[in-house]
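Here are a few exercises to work through with the viewer open. Try each one yourself before reading the solution.

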Amino acid sequence: MKSQSPLPAAPRESIIYEDQWLYVCLALYPITKGHTIVIWKQKAPDLRVLSDAEYDYLMEVMDVTRDVLLKVLHVKKVYLLYMDEVKQVHWHLVPRYDEKGFNVFAHKPKKTNDFSFASALHEAFIKRLQTRYIRLPSEK
């Protein structure tokens, strides 16, 4: 995957969606099953550097991703976390299973190679994306 992001490259089999602006993948070190990351490809140390159109597009993709996780994983809640510790715009979407509050964040992340349900998430993502009108940001 070609990216200017300082984050580690995602294994191809973890990719749920990708286009020229961003990609959606399962986390390499998930804290719950389905922990997903949406990563902006171009160098962007903070959300404020995105144009309005880029930000709107990112948030539309976040919304689609959340909808897909809710449906495919049969959970009632997905936490959205904006993380900027590596100075690159990316969001973590963490499905909440039978827990409440912040307990889910007490889980220790463990490296995984099991991306077996990424294809089901991809199919649901494309299907959900087709039901939405999302304005693409113009190329720079």
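Helices (H or I, at least four residues) and strands (E, at least two) are DSSP runs, numbered from the N terminus. This is a predicted model, where local features need pLDDT of at least 70 and side-chain atom pairs count only at pLDDT 80 or more, while totals for chains, interfaces and linings use all residues. Residues are numbered from 1 along each chain as its sequence is written, and side-chain values use heavy atoms, with hydrogens and water left out.

**Exercise 1. Place Thr32 and work out its surroundings.**

Step 1: find the spot. Thr32 sits in the loop between β2 and β3.

Step 2: buried or exposed? Buried means under 20% relative accessible area, exposed over 50%, and partly exposed in between (1.4 Å probe, protein chains only). Thr32 has a relative accessible area of 8%, so it's buried.

Step 3: list the contacts, meaning heavy atoms within 4.5 Å. Skip the neighbours within four places in sequence, and Thr32 touches Val94, Pro95, Tyr97, Val104 and His107.

Step 4: try a distance. From Thr32 to Val64, 32 residues apart along the chain, the C-alpha atoms are separated by 19 Å.

**Exercise 2. Draw the sheet.**

Step 1: get the order. Strands count as paired if DSSP finds at least two bridges between them. On that basis five strands make an open, antiparallel sheet, ordered β1-β2-β3-β5-β4.

Step 2: mark the edges. β1 (15-18) and β4 (77-83) each have a single partner strand, so one side of each is left without a neighbour in the sheet.

Step 3: zoom in on one pair. β2 (residues 22-26) and β3 (residues 36-40) run antiparallel over five bridges, and Val24 stands opposite Val38 in β3.

**Exercise 3. Add the helices.**

Step 1: set up the angles. Axes are lines fitted to C-alpha atoms, for helices over the stretch in contact, and angles run from 0 to 180 degrees between N-to-C directions.

Step 2: place α1. Residues 52-73 form this helix, which lies across β1, β2, β3, β4 and β5 (90-96) and runs at about 165° to β3.

Step 3: place α2. Residues 118-129 lie across β1 and β2, at about 30° to β1.

**Exercise 4. Sum up the fold.**

Step 1: count the elements. You should get two helices and five strands, in the pattern β-β-β-α-β-β-α along the sequence.

Step 2: check the burial. Of the 140 residues, 46% count as buried.

Step 3: check the extent. Along its principal axes, the C-alpha trace spans about 40 × 35 × 30 Å.
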